[in-house]
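User: I have this model open and would like a close look at one part of it. Please keep the sentences short and explain each term as you go.

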Amino acid sequence: IPKRETKKIKRFQEDIRDRNFLVNQGIIYTYMSNYTNSPCAACKFLRRKCTSDCVFAPYFPPEEPTKFANVHRIFGASNVSKILQEVAPHQREDAVNSLAYEAEARLKDPVYGCVGAISVLQRQVLRLQRELEETNADLMRYAGCLGGETTSAYGGRRG
Ligand SMILES: [Zn+2]
């Protein structure tokens with residue numbers, strides 16, 4: 001093989017590697033799904049034709065079938081489509097991601113859904129605040145034991 005050809009092959013391999021990296025990072029999902037012309041995950045799931053103006057296509061790439069399946073099961077495809085149309089285009093991706101998060105949480109925990117996760121975190125915050133208060137109190141006691149010329153736990157000079 002001529003040297004120029006091996007160089008070309010090497011560059012091609014690097015391109016593929018870069019593209020795979022971007023796909024893995026979720027950066028060019030939309031690009032890939034439009035590029036391959038395969039129906040988006042929503043249209044595939046609903047067994048309908050995916051047109052170029054499909055409202056779901058930019059947010060439900062065929063590579064992530066469960067994302068749509070979860071959202072559809074909890075909210076229903078027509079509600080999701082309505083929500084997307086009511087939201088400004090630049091906020092649609094965030095809206096879809098939050099719907100996907102909520103749907104997944106509700107499937108895992110049908111009673112509390114996201115609220116379950118929030119209350120677990122709130123309890124954790126309370127527990128950590130108590131722990132911090134106790135540790136600060138210990139520090140103050142320890143500083144007190146060392147006597148007169150010490151500083152408080154907050155670095156301020158005492159007395
Ligand atoms: Zn579609």
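The request and the answer below concern one helix and its surroundings. Please show me helix α4 (residues 65-75), along with the helices that its buried residues pack against.

Analyst: Start with what kind of model this is. This is a predicted model, in which local features need pLDDT of at least 70, side-chain atom pairs count only at pLDDT 80 or more, and totals for chains, interfaces and linings use all residues. Residues are numbered from 1 along each chain as its sequence is written.

Now the overall plan. The protein has 7 helices and 0 strands. Helices are DSSP runs of H or I with at least four residues, strands are runs of E with at least two, and both are numbered from the N terminus. Along the sequence the pattern reads α-α-α-α-α-α-α. Of the 159 residues, 14% are buried. A residue is buried if 20 or more other C-beta atoms lie within 10 Å of its own, exposed if 12 or fewer, and partly exposed in between, with C-beta atoms placed from the backbone. Contacts also span the chain. Among those with a separation of 6 or more, 41% join residues 24 or more positions apart. Two residues are in contact if their C-beta atoms, placed from the backbone, lie within 7 Å.

Next, α4 itself. Its buried residues are K67, F68, N70, V71 and H72. They pack against α3, α5 (77-86) and α6. Look at V71 in particular. Beyond its neighbours within four places in sequence, V71 is in contact with V80, L99, A100 and A103. Just after α4 comes G76, with a positive phi of about 85°.

Follow α4 across to α6 (residues 92-108). The axes of α4 and α6 come within 8 Å and cross at roughly 70°. Axes are lines fitted to C-alpha atoms, for helices over the stretch in contact, and angles run from 0 to 180 degrees between N-to-C directions. The two helices are therefore roughly perpendicular to each other. Angles under 35 degrees count as roughly parallel, over 145 as roughly antiparallel, 65 to 115 as roughly perpendicular and the rest as oblique. On the α4 side, K67, N70, V71, R73, I74 and F75 take part; on the α6 side, they meet L99, A100, A103, E104, R106 and L107. By class, this contact has 7 nonpolar, 1 polar and 4 charged residues. Here Ala, Val, Leu, Ile, Met, Phe, Trp, Tyr, Cys and Pro count as nonpolar, Asp, Glu, Lys and Arg as charged, and the others, Gly among them, as polar.

V71 and L99 also belong to the largest nonpolar core. Such a core is a set of buried Ala, Val, Leu, Ile, Met, Phe, Trp, Tyr and Cys residues joined through C-beta atoms within 7 Å. The core has 16 residues, and C40, A42, F56, F60, V71 and L99 touch the most other members. α3, α4 and α6 each supply at least two residues of this core. α6 gives the most, with 4 residues. There is a general tendency to keep in mind. In soluble globular proteins, nonpolar side chains tend to be buried together.

Step back to the loop between α3 (41-46) and α4, where E63 sits. E63 is partly exposed, with 14 other C-beta atoms within 10 Å. E63 and C40 are 23 residues apart along the chain, and their C-alpha atoms are separated by 8.5 Å. V55 is found in the loop between α3 and α4 too. V55 is partly exposed, with 16 other C-beta atoms within 10 Å. Not counting residues up to four places away in sequence, V55 touches S81, L84 and Q85.

Finally, see what else α6 meets. Its axis and that of α7 (residues 113-145) come within 6 Å and cross at roughly 85°. That makes α6 roughly perpendicular to α7. E102, A105 and R106 in α6 meet G113, C114 and A117 in α7. This contact has 3 nonpolar, 1 polar and 2 charged residues. R106 thus links the two stories: R106 is among the α6 residues that meet α4, and R106 is also among those that meet α7. α7 is hardly covered, with 0 buried residues among its 33.
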